[in-house]
Amino acid sequence: MAETTDVMRWQTKPLECWRLAKEIREQYYRNYAQAREKGGLRWVGGAWSFGAIPCGLGDDVYGLTSEPYGATIAFNKDLALECQEAAEKYGFARDLCSYMRNYWGSVLLNKYAWGGPFPKPDFVWQDHICCSHAKWYQVVSELEGGIPYFCIDVAVGPYHERTDSRVEYMVGQMHDGIQWLEKITGRRYDDEKLIEAVKNEIRCTSLWAEICTLNKAVPAPLDEKSMYSLYVHLVLNRYTPEVVSFYQTLRDEVKDRVANQIAACPTERCRLMTDTQPPWAFLKIFRYMESYGAVSIGSLYTYGLMGIYDDQPDGSWGAKVTPMERGVAIKTRDQALRAYAEWTLAKPLWQHFYNPALKSRMMARLAREWQVNGVLLHYNRGCEGLSIGIAENRLALLKEGFPVMPFEGNMGDEREFDDTRVMSRIDTFMETLGLRKLY
Amino acid sequence: MSPFQKFQEWHQNRHQYAQEWKARTGGKVLGYFCTYVPEEILYAADVLPVRILGSHEPEDVTEPHIFAMFCPFCRDCLAQGLKGRFDYLDGIMISQSCLHIRQAFWSWQLHIPTSFSYYLPMPHHVQSPRAQDYLRGELAQFKGAVEGWTGRTLTDADLDRGMEIMNTNRRLMKQVYELRKAPNPPLVGADAMEMVLSSQMTDKREHNQELAALLEKLPQQKRDGDPPVRLMIIGSEDDDVAFIKMAESLGAVFVSDDHCTGTRYFWNEALPQEDRLMAIAQRYLDRTPCPTKDWPERRRFQQILRLAKEYGVQGALLIQQKFCDPHESDIPQLARLLKENGIPSYFLEFDMTVPLGPFRTRVEAFLETLREEDLF
């Protein structure tokens, strides 16, 4: 890219739904903490667990998902260090998943990130694709005194190679899980609530893909740092009507920003993308890059952690048509679970667990269609699940002609992030892209 | 001459063995990355499965392919391919296990092409009743792929033969292990490790013959001197014979293990049933699990305790390949469980090369605590 000194400035303004996003998030954590006061139930599990399923137990059942909770702790450096040291004192290695160590430490210290003691869950509802998933909650179940624990194995191969037998394995475990939920809670399961929750989740994950697709526009209406605060509901309670409504509002607002060329970064002159979770305690790197006029428009992580995509009639990548839009009947428990399994298997961030080439192809496609000038790869020591194959992704992107800057860090353990060194690397990378600091 | 000499030779000359086997039989050799690979089906097709293991040399070629936070074992395995040491392989495969070793498979697949490459999505939820039908289906698909590759249809008789070869090997190695229960066992841990490792590198029909001969001779072997301290070694992949020999030079003997280069590899058999593929599926679901598949119940811990008691274990070394997340998640709880059951344990983290000097000091200190020796 040619060096520019006279920089065009785009119009910008804050997102109108920003406050709503924050309120929904706070309410989520409050609901979990206060569930018992209202006679309700609490469950814990991973961000990818099939959260719509416990909804069939009633409207007073609240979840706490572990990865966003671990990230929340990571953002608070002092608490994160306390939690990590508690986990290490217990005997856990410090190279384990840093979200997991933050979470375990929070339980061991009996300290809730939002104040007060850690609210003890009634049961664990987890899924497993990364080695750490099932082990995470095996330990939690033990640390919490042996609370009931159910986990669904979803590691059945990539979406394009799915077979009836593979889907059946997942659906069968879901059916078993519902019977288990009835048994451990003593509650009667309501299929109507399940069906509604599954549809909500499908709507949310499709809406998010639609929103991310709008970010192809130049200037980008959203920057990645802001998107972290917007995508979070997908990993908290995507199965609720409130969250569907939020994403409809956000989609409409982003559409409006595209139509009126309202930029996330007013000096956008270079578009970047990243990979894997960011170092949460050092989000300042995004604002720093903006001082060069470089905006991170997102990543396969931000877009595909929960968003579900498909080829569009024009050959581009965009939101996948939902089963409801296709007229698929979702009227029974089995139909709901089957639609849920099929839809979730298409998740972009589940594909690289079977081959890094699948991720490389999606990353290159994203870079092309979103008009990306360079890629920052976070070699994330805190997450083996999203870092597997990353070195091969780097080689593939280089082969495709994209400038790539890897940097080593840790999403949740700031002890493994070299602030000065990373900033210095960013300076060098910006220079190689022909950029100079604007302010 | 040691009755284990043949096993040692096979272990040390694994590549030469495989190349000669190929020249002798005209058969195909397949390299595999995890012991969840159903070797029964490969033996049914007269394909020689050989396990891809590292060489314990410093890392020098894998950095561009695998991020350094992944275990040294997976990088060491890939290094063997990148250095051309397995150039004779006709195919590679992995049965889905941990994330780490998958990367060695993928990078091998990308950069060292072979005529056959297979990823078998072995279930993780092996305790689920749904896993049986699922894995049976995957084995059927894999069998079809092997048939396509080799150009021959595998019959029930072929599968029976494959199961028989594997089961015989398991049964015979278990009989050898049985002898380790003796107060002064006729074999040491290094012998046992080389026996199991060589079974992963040779034609099991030959290995079985050697095992049968060993079982003729071994019960007569007597070891003199005071009974050594009886240790068990537990942890992730471990083919570090040098470490075992060093520890056993300090007045200890390993009498049992929980390794995928030990009991986890061969302890249970495929029990015959009409549906052969179901029999094979059941065997891999019921085997002592790798920690990555050991949930929600901790069934591996129960097997470890059984072995420790049956083999009169006085202390356990918990070893782990650096960065091995599944084992790292288990070790604190396992150490507590062993302690509750009166078995002291000591933890060591392994890398590609093991620092024998510092490790000697640490193992010596552990043995001193077990012997309750006075220091002065």
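**Entry 1: a helix and its sheet**

I started with helix α1 (residues 18–34) of chain A, which lies across β2 and β3 of chain A and runs at about 120° to β3(A). Note to self: this is a predicted model, so I treat each number below as a computed value on a prediction.

Next I looked up the sheet itself. It is an open sheet of four strands in chain A, with the order β3-β2-β4-β5 and parallel pairing. The edge strands are β3 (61–65) and β5 (149–153) of chain A, each pairing on one side only. From one strand to the next the twist averages 25°.

I then zoomed in on the pairing under the helix. Strand β2 (residues 41–45) of chain A is joined to β3(A) by five bridges, and the two run parallel. For a single contact I picked A:Val44, whose bridge partner in β3(A) is A:Leu64.

**Entry 2: aromatic rings**

I ran through the rings next; the search of the whole structure gives 53 aromatic pairs over all chains. One of them is A:Phe50 with A:Tyr340, edge-to-face, at 5.0 Å centre to centre and 75° between the planes. What does this pair tie together? A:Phe50 is in the loop between β2 and β3 of chain A and A:Tyr340 is in helix α12 (residues 333–345) of chain A, so the contact connects parts 290 residues apart in sequence. I checked burial too: A:Phe50 and A:Tyr340 are both buried.

For chain B I noted B:Phe350 and B:Phe359, a tilted pair at 5.8 Å centre to centre with 40° between the planes. Both B:Phe350 and B:Phe359 are buried.

Back in chain A, I found one aromatic cluster made of A:Tyr32, A:Tyr69, A:Tyr103, A:Tyr112, A:Phe118, A:Trp136 and A:Tyr137.

**Entry 3: charges over rings**

Two arginines went into the notebook here. B:Arg283 lies over the face of B:Tyr284, 4.7 Å from the ring centre. The other goes from chain to chain: the charged end of B:Arg336 sits over the ring of A:Tyr90, at 3.7 Å from its centre.

**Entry 4: salt bridges**

I counted salt bridges over all chains and the search returned 62. I opened A:Asp413 with A:Arg101, where the closest N and O atoms are 3.2 Å apart. A:Asp413 lies in the loop between β12 (404–409) and α17 (419–432) of chain A, and A:Arg101 in helix α4 (residues 98–109) of chain A, so this pair ties together parts 312 residues apart in sequence. A:Asp413 and A:Arg101 are both buried.

Then I took A:Arg287 with A:Asp223, with the closest N and O atoms 3.2 Å apart. The pair links helix α10 (residues 284–290) of chain A, home of A:Arg287, to the loop between α7 (191–214) and α8 (224–231) of chain A, home of A:Asp223, 64 residues apart. Is A:Arg287 buried or partly exposed? A:Arg287 counts as partly exposed because its relative accessibility is 34%. A:Asp223 has a relative accessible area of 6%, so I logged A:Asp223 as buried.

In chain B I checked B:Arg170 with B:Glu40, where the closest N and O atoms are 2.8 Å apart. B:Arg170 is in helix α7 (residues 156–178) of chain B and B:Glu40 in helix α3 (residues 39–44) of chain B, 130 residues apart. B:Arg170 and B:Glu40 are both buried.

Last lookup: salt bridges that share partners join A:Lys135, A:Glu142, B:Asp258, B:Arg264, B:Arg298, B:Arg300 and B:Asp330 into one network.

Conventions
Residues numbered from 1 in each chain as written. Chains lettered and ligands numbered in written order. Predicted model: local features only at pLDDT ≥ 70, side-chain atom pairs only at ≥ 80, totals over all residues. Heavy atoms only, no water. Pairing = 2+ DSSP bridges. Axes fitted to C-alpha atoms, helices over the stretch in contact; angles between N-to-C directions. Contact = heavy atoms within 4.5 Å. Phe/Tyr/Trp six-rings, centres within 6.5 Å; stacked < 30°, edge-to-face > 60°. Buried < 20%, exposed > 50% of the residue type's maximum accessible area, 1.4 Å probe, protein only. Lys NZ or Arg CZ within 6 Å of the ring centre and 35° of its normal. Salt bridge = Lys/Arg side-chain N within 4 Å of Asp/Glu carboxyl O.
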